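User: I would like a close look at one part of this protein, with its surroundings for context. Please keep it brisk.

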Amino acid sequence: MAYDYDVIIVGGGGAGMCAAIEAHLAGARVMVLEADTRLGGATAQSGGVFYAAGTSVQRARGYDDSADAMFDYVMTINQWRIKPDLFRVICDESGPCLEWLIELGALFPPAQLVKGGVEPVPRAHPSAGAGSGIADVLINRVGALGIDTALATRVDGLLVENGQVVGIRALGVELRAPAVVVTTGGFGNSPEMRARFYPTAAQHGDRVWAVHNAAPFILGDGITLGESIGAAITGHDTGLLLPSSGHGKNLEPFLPPWLMLVNIQARRFIPEMASYSITGYALNEQPEARGWAIFDEAALRTASHDIRYLDPYGAGINLPTWEEDTIRKRVAKGEILVGETLEQLAVKCKLDPRALAYSVEQYNADCDARVDSHFFQQEEKAFPVRTGPFYACEVRASTIGVTGAGLDIDRECRVLDEAGVPIPGLFAAGEVLGVLMGKRYAGGGMSIGPAVVLGREAGRRAAAYRYKNA
Ligand SMILES: Cc1cc2nc3c(=O)[nH]c(=O)nc-3n(C[C@H](O)[C@H](O)[C@H](O)COP(=O)(O)OP(=O)(O)OC[C@H]3O[C@@H](n4cnc5c(N)ncnc54)[C@H](O)[C@@H]3O)c2cc1C
């Protein structure tokens, strides 16, 4: 049987390029097909945070960490609802894969190491140059190895013969290979896919957008390709939703600490400075899946200008949404509500005035005492809601950070059918998978880390498979 290549990679983002490099190094003739006019995908657009344990970067900061501890944390926070054998691979290989990226030229400054979620030691490794700091070294490596790539080539079909995937179809042309690796990323940019696979996001209607919008082909093609040949789709309604004030397509994953956040019962339900890996889930679990950020004139005049609060996590993302000028413009447009008294504000927001008054009273007492007696957080509550006029901005977790539904794989990255049986010749890695998320996003870096680990694994497995079947 004549093949054009040994391994075809569908999607030239982070996972795809890692798969291509490893398959090539294993001796396979590799072709990467990329729908966009450039390699990199969402990986290149991302914050470039890589989640890993037991790294030289952690050691440089004096942290003793291990794959065992990472496994324990990720499995616990997901209530063991993710595949343990797959996550064992991800945890074991996270550290070595970060070191591999460093060897390729990526930089992960120890000073920037942070906690990505609620783990006991920092494991979120920000790359210097954000996502392009990682994507660029992979693009350079793919080029240096002379791996074939075709840009502006959107794959729209898989070739199957005798139950075995034997190639792809793109632009009306068929290309044959004994192994195909699907690395097409998530589906955040597709309203249809969001409605089908991420109803918690879709419920927010016009407010929903995906941070992937600069990577136009993050449309869920891998799911469509898989479904067309009977692949199982799993991870329904999982992913990461980030809080949003509804101010256009602005990335605003953190709320500034000078807001009081309440639900529609006018009750605080989470510490305002909770990790973004938590806030979205908590918001979507509130009645009507929304809340209100409440603040007063004094906070607007002072805190919104305080440079400490523009990037409260030191994550390199500032919060223009919460600057005074922007807020006043939004007040004028009626997007942020204002009341001369708290009672007036409550009426405009359809909150129970008594409940809001009581919550504010408790909050203000905490501010005066410089404690958070409700959530026992270490950061001080320093901005009482006391000086009118008073403001309220509706907050929803409606910005898609990562989508979690997608293909099912086993620990060898083989795509599984509805019966849980591997589909011969088909492999997958990255955000196209439906097995990475579980109930909770374990922390910042938990997409790129697994994409690199499993991308490399899928590339090696696909190359080995080709030797058996070419
Ligand atoms: C702004 C932003 C910030 C983020 N920050 C972080 C972070 O700091 N840490 C973290 O872990 N995660 C982060 N994420 C998420 C993370 O970037 C992605 O989950 C991850 O990079 C996905 O990698 P991937 O290789 O699976 O997909 P991608 O890198 O998105 O690559 C998929 C590629 O497949 C191509 N493609 C799609 N369909 C087809 C088709 N039919 N034919 C051919 N090609 C196709 C796409 O064009 C794309 O190039 C962020 C995402 C964004 C957008």
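User: In which helix does A130 lie? Please start there, then take me through the ligand site and the second largest pocket.

Analyst: This is a predicted model. A130 belongs to helix α6, which covers residues 130–144. The backbone at this residue deserves a look. A130 is not a glycine, yet its phi is positive, at about 50 degrees. Most residues other than glycine have a negative phi, and most peptide bonds are trans. The peptide bond between G388 and P389 is cis, with omega about 0 degrees. P389 sits in a loop; α14 (353–369) and β16 (390–403) are the elements on either side of that loop.

Now the ligand. A shell of 36 residues surrounds the ligand, and the closest are E34, T43, D221, E431 and I448. By type, the shell holds 14 nonpolar, 18 polar and four charged residues. Backbone atoms also come into play. For V155, a backbone N or O atom is 3.0 Å from a ligand nitrogen. For T183, a backbone N or O atom is 3.5 Å from a ligand oxygen. At S447, a polar backbone atom lies 2.9 Å from an oxygen atom of the ligand. On its own, the ligand has 1000 Å² of accessible area, and the protein covers 95% of this. Three elements, α1 (14–25), α2 (41–45) and α15 (448–469), give two or more residues each to the shell. The largest share comes from α2, with four residues.

Next, the second largest pocket. Its volume is about 250 Å³. The lining consists of 15 residues, and T200, D237, Y281, K439 and R440 are the closest to the pocket centre. Sorted by type, the lining of this pocket has four nonpolar, seven polar and four charged residues. Two elements, β12 (239–244) and α10 (276–284), each contribute at least two residues to the lining. Both domains take part as well: domain 1 (7–238 + 404–469) and domain 2 (242–399) each provide at least three lining residues.

To inspect these parts in the viewer, begin at A130 in α6. Then go to S447, where a polar backbone atom is 2.9 Å from a ligand oxygen. End at the second largest pocket, with K439 and R440 among the residues closest to its centre.

How values were computed. Residues numbered from 1 in each chain as written. Predicted model: local features only at pLDDT ≥ 70, side-chain atom pairs only at ≥ 80, totals over all residues. Heavy atoms only, no water. Near = heavy atom within 4 Å. Polar contact = N/O pair within 3.5 Å; in protein donor to acceptor, adjacent residues only side chain to side chain. Areas by Shrake-Rupley, 256 points an atom, 1.4 Å probe, with all protein chains shown as cover. Nonpolar A, V, L, I, M, F, W, Y, C, P; charged D, E, K, R; others polar. 1 Å grid on protein atoms, 1.4 Å probe; cavity = no way out; pocket = protein on both sides within 12 Å on 5 of 7 lines; lining within 4 Å. Points joined across faces, edges and corners; volume = space filled by probe spheres on them. Domains from an automatic or database assignment.
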